[in-house]
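Please find below my notes on the model you sent round. I have kept them to points that can be checked against the coordinates.

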Amino acid sequence: MSATVTAILVLAAGTYAFRLVGPALHGRVELPDRLREMLAAGAVVLLVALLATGALTEAGGFAGWARPAGVLAGAVLAWRRAPFVVVVLGAAGVAAALRAAGVA
């Protein structure tokens, strides 16, 4: 068996185990409130880091100003509780308009 297939099988087994742990331990393990707050904050930090990496970089360099402006427009629309389609189209529209105007 190749190393790739072995890695895929190990990752699949680990993913399945993680999915089983939740229902198996539900109600048996009580997390302290402070730990719950820290886990929630950690999830937010990871999502913001992913957003920043995707919005600001491309091929190891700066992605230009149009993409971050589009992401910012989408974030503002989402914060204002616009429908998902409006958020996506607004973000894409801002980025496309800036690129059409010559902003990289």
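The points below go from the overall fold to single residues.

1. The model under discussion is predicted, and the comments that follow should be read with that in mind. The protein contains four helices and two strands, and along the sequence these elements follow the pattern α-α-β-β-α-α.

2. On overall dimensions, the radius of gyration of the protein is 20 Å, whereas a compact globule of 104 residues would have a value near 13 Å. The C-alpha trace spans about 55 × 45 × 25 Å along its principal axes.

3. Burial deserves a remark beside those dimensions, since 11% of the 104 residues count as buried, the cut-off for that class being under 20% relative accessible area. The accessible surface of the protein amounts to about 8300 Å², and carbon and sulfur atoms account for 74% of that surface. As for contacts between residues at least 6 apart in sequence, 39% of them join residues that are at least 24 apart.

4. On charge, the protein has 8 positive and 4 negative charges, and the mean positions of the two sets lie 9 Å apart.

5. The count of aromatic pairs comes to one. This pair is formed by Phe 62 and Trp 65 in an edge-to-face arrangement, with 5.1 Å from centre to centre and 70° between the planes. Phe 62 counts as partly exposed because its relative accessibility is 49%, while Trp 65, at 60%, counts as exposed; the boundary between these two classes is at 50%.

6. Two residues other than glycine with positive phi may merit a look in the loops. Ala 59, with phi near 55°, sits in the loop between strand S1 (57-58) and strand S2 (61-62), and its relative accessibility of 85% places Ala 59 in the exposed class. Arg 81, with phi near 65°, belongs to the loop between helix H3 (66-79) and H4, and Arg 81 likewise counts as exposed, at 78% relative accessibility.

7. Which helix holds Val 88? Val 88 is part of helix H4, which covers residues 84-100, and with a relative accessible area of 39% Val 88 is partly exposed. The C-alpha atom of Val 88 is separated by 9.4 Å from that of Ala 73, a residue 15 positions away along the chain.

Technical notes:
Residues numbered from 1 in each chain as written. Predicted model: local features only at pLDDT ≥ 70, side-chain atom pairs only at ≥ 80, totals over all residues. Heavy atoms only, no water. Rg over C-alpha atoms; globule rule 2.2 N^0.38 Å. Buried < 20%, exposed > 50% of the residue type's maximum accessible area, 1.4 Å probe, protein only. Contact = heavy atoms within 4.5 Å. Areas by Shrake-Rupley, 256 points an atom, 1.4 Å probe, with all protein chains shown as cover. Lys, Arg positive; Asp, Glu negative; His and termini not counted. Charge placed at Lys NZ, Arg CZ, Asp CG, Glu CD. Phe/Tyr/Trp six-rings, centres within 6.5 Å; stacked < 30°, edge-to-face > 60°.
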